[in-house]
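Biologist: I would be grateful for a close look at one part of this model, namely the sheet and what surrounds it. Please continue from there to the enclosed spaces and to one loop position.

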Amino acid sequence: MSREHRCALLAEAERAELIELADACIADGAQVRVLVGPEVGCVTAQVREPVLEQRFLLGDVLACRAEVELAGHRGWAMRLGDDRAAALAAAVLDAEAQCGRPRTAEIDLLCERVAERRERRESQEWAELAPTVVAFEELT
Amino acid sequence: MGYSGARGGLEAILAAEDLVRRKRDHAPAPWSSTEQITARFRLAVDRVMGEAGLYDEPTAADAFRQAEGDTLEASHLLRAQRSTLPRLAVSEPVDPGEMTVIRRIVPAFREPDGPQLLGRTSDYTGRLLERPDGRPEPDQEDHAGTSSAERTEEQRSPRRFMDLLRKMELLAEGRTTDDPEPHDITRKPARPPADRSAVLAAMARAESGALVALWYRSILGPDGDVHEITLGELRHGRLPLRVRHPHTGNPVAVGEFRVTEAEAIEDLDGADEDRTRFDIGYGLCFGHNERKAIAMANLDIANRRFGRSGPLEQLLLLTIDGLDSGGFLEHLKLPHYVTFRSMVERKQAMRAAAEAGEDPPARAAEPAGKDCR
């Protein structure tokens with residue numbers, strides 16, 4: 001799993017599962033340093049519209065980011081919304097996985113769970129939407 | 001009537017504020033939670049996010065509750081909140097073609113690539129007021145299992161109708177190789193003449209009613225900037241937001257946000273235009289707000305055609321921001337005692353002069369118009 005893919009899945013994980021696993025990561029006494037405290041701010045959504053393929057700034061999306069150093073490896077996370085604790089926990093998990101520490105496999109499992117959840121959600125959503133697809137009948 | 005300085009009103013202001021707080025927060029009715037507002041009043045929440053220019057449903061819902069349902073006031077609160085926040089990043093350019101559609105209709109063509117997906121809408125049913133007697137019964141049905149429809153890429157992210165027109169060589173080509181930096185209207189106000197990026201950004205966070213009114217005026221009013229009205233495509237769906245990972249330099253998705261997108265087809269008929277082709281106007285705004293996206297798309301193409309030859313560009317840049325117009329309107333409620341007293345005294349002086357048989361003073365020209373601010 002690429003680091004970017006893992007970050008994307010951790011950005012979608014539930015707050016409780018992130019914090020629980022991050023607590024487990026640092027329970028062995030590994031040194032943690034917060035490089036960038038969890039900070040709430042905006043990510044400006046820049047869109048390339050499809051007509052003339054020109055860029056414009058649509059607006060801002062609320063986000064929270066954090067950066068840590070764990071056992072000498074840097075971890076970074078950004079998530080939408082303003083949950084500081086979840087962003088900090090995701091950064092810890094990114095660092096844990098980056099240096100291949102003991103909880104790496106559990107982080108991979110968490111990411112798999114998030115991906116499965118997304119897949120289930122999409123299937124459920126389509127099951128609700130599909131009946132609203134228009135089927136035309138030819139009148140002859 | 002002479003002038004006398006006066007002060008006061010602080011106690012009245014505090015009492016009025018307290019009255020708002022008590023009646024709102026302690027009304028004899030159940031508390032509206034943030035989750036309840038996002039679930040029950042989603043279109044209002046979406047409208048607030050769009051007009052404020054900040055996407056976050058819970059924050060917009062809190063603003064909506066504090067503003068007692070006044071969407072413009074809620075947008076004001078949300079935009080003020082946004083102004084306190086740092087900019088963490090500018091996203092990688094979002095490609096709207098990546099949208100996972102929740103609703104997608106192509107009114108211009110019966111069978112486009114991909115589905116005519118009505119989604120959650122009451123557009124095609126009669127709107128009658130329902131007065132339910134209490135809460136509805138819980139929904140017992142398992143909707144997840146009611147459809148066996150296969151989920152494909154074509155259904156969830158269909159090709160846009162515009163691509164088909166382009167393939168048929170029916171679209172005027174306006175794409176260029178240059179890629180100018182977009183104008184940031186949150187940092188630098190846009191004034192005519194402005195880049196298209198500034199106009200699109202201004203429309204994206206315009207007050208919805210103002211934008212629709214301007215669009216309608218362009219059709220039926222004296223301006224005539226919008227001619228043929230054909231809606232090519234309308235979508236509501238989710239787009240991924242990606243930023244550069246600070247360690248690897250690669251794009252990373254940090255989440256999704258919902259938008260409404262519209263494409264308006266314009267039948268070119270100008271003497272200097274390619275009359276064998278169409279052009280397309282584009283609209284995109286936060287959340288689910290179809291009226292706004294459609295008006296925006298029509299005004300985009302109208303502005304490209306006529307913005308520099310008439311007042312349209314100026315109207316789009318300077319008059320559709322809800323906070324600007326609403327703020328100006330609200331200021332009328334502040335004391336204007338001195339201004340009005342001077343007006344009264346002027347009238348009285350003119351009447352006295354007329355009664356004394358004097359000619360009225362010559363009226364000075366006002367070449368720049370009245371200064372009403």
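Modeller: In this predicted model, chain B holds an open sheet of four strands, arranged in the order 3-4-5-6 with antiparallel pairing. The edges are taken by strand 3 (100-105) and strand 6 (278-286) of chain B; each has a single partner strand, so one side of each is left without a neighbour in the sheet. On average, neighbouring strands of this sheet are turned by 25° against each other, direction ignored.

Within the sheet, strand 4 (residues 230-244) and strand 5 (residues 251-267) of chain B run antiparallel and are joined by 14 bridges. One position can serve as an example: G237(B) has V259(B), in strand 5 of chain B, as its bridge partner.

The other chain also meets this sheet. Helix 4 (residues 104-129) of chain A lies across strand 3, strand 4 and strand 5 of chain B. With respect to strand 3 of chain B, helix 4 of chain A runs at about 15°.

Turning to enclosed space, the count comes to two cavities of 30 Å³ or more. The largest cavity contains about 100 Å³ of space. It is lined by 14 residues, of which L57(A), L58(A), G59(A), T186(B) and R205(B) are the closest to its centre. Strand 2 (residues 55-70) of chain A supplies the largest share of this lining, with four residues. Sorted by class, the lining of the largest cavity comprises five nonpolar, four polar and five charged residues.

The second largest cavity has a volume of about 30 Å³. Its lining is made up of R104(B), P112(B), D113(B), R159(B), R160(B), F161(B) and L164(B). Three of these lining residues are nonpolar and four are charged, while none is polar. Two residue ranges already given help to place this cavity: R104(B) is among its lining residues, and strand 3 of chain B, at an edge of the sheet, covers 100-105.

The loop position remains. P192(B) is found in the loop between helix 7 (161-167) and helix 8 (196-204) of chain B. With a relative accessible area of 35%, P192(B) is partly exposed, because that value falls between the 20% limit for buried and the 50% limit for exposed. Apart from its neighbours within four places in sequence, P192(B) is in contact with E313(B), Q314(B), L317(B) and L318(B). By contrast, G9(B) is 183 residues apart from P192(B) along the chain, and their C-alpha atoms are separated by 41 Å.

Conventions:
Residues numbered from 1 in each chain as written. Chains lettered and ligands numbered in written order. Predicted model: local features only at pLDDT ≥ 70, side-chain atom pairs only at ≥ 80, totals over all residues. Heavy atoms only, no water. 1 Å grid on protein atoms, 1.4 Å probe; cavity = no way out; pocket = protein on both sides within 12 Å on 5 of 7 lines; lining within 4 Å. Points joined across faces, edges and corners; volume = space filled by probe spheres on them. Nonpolar A, V, L, I, M, F, W, Y, C, P; charged D, E, K, R; others polar. Buried < 20%, exposed > 50% of the residue type's maximum accessible area, 1.4 Å probe, protein only. Contact = heavy atoms within 4.5 Å. Pairing = 2+ DSSP bridges. Axes fitted to C-alpha atoms, helices over the stretch in contact; angles between N-to-C directions.
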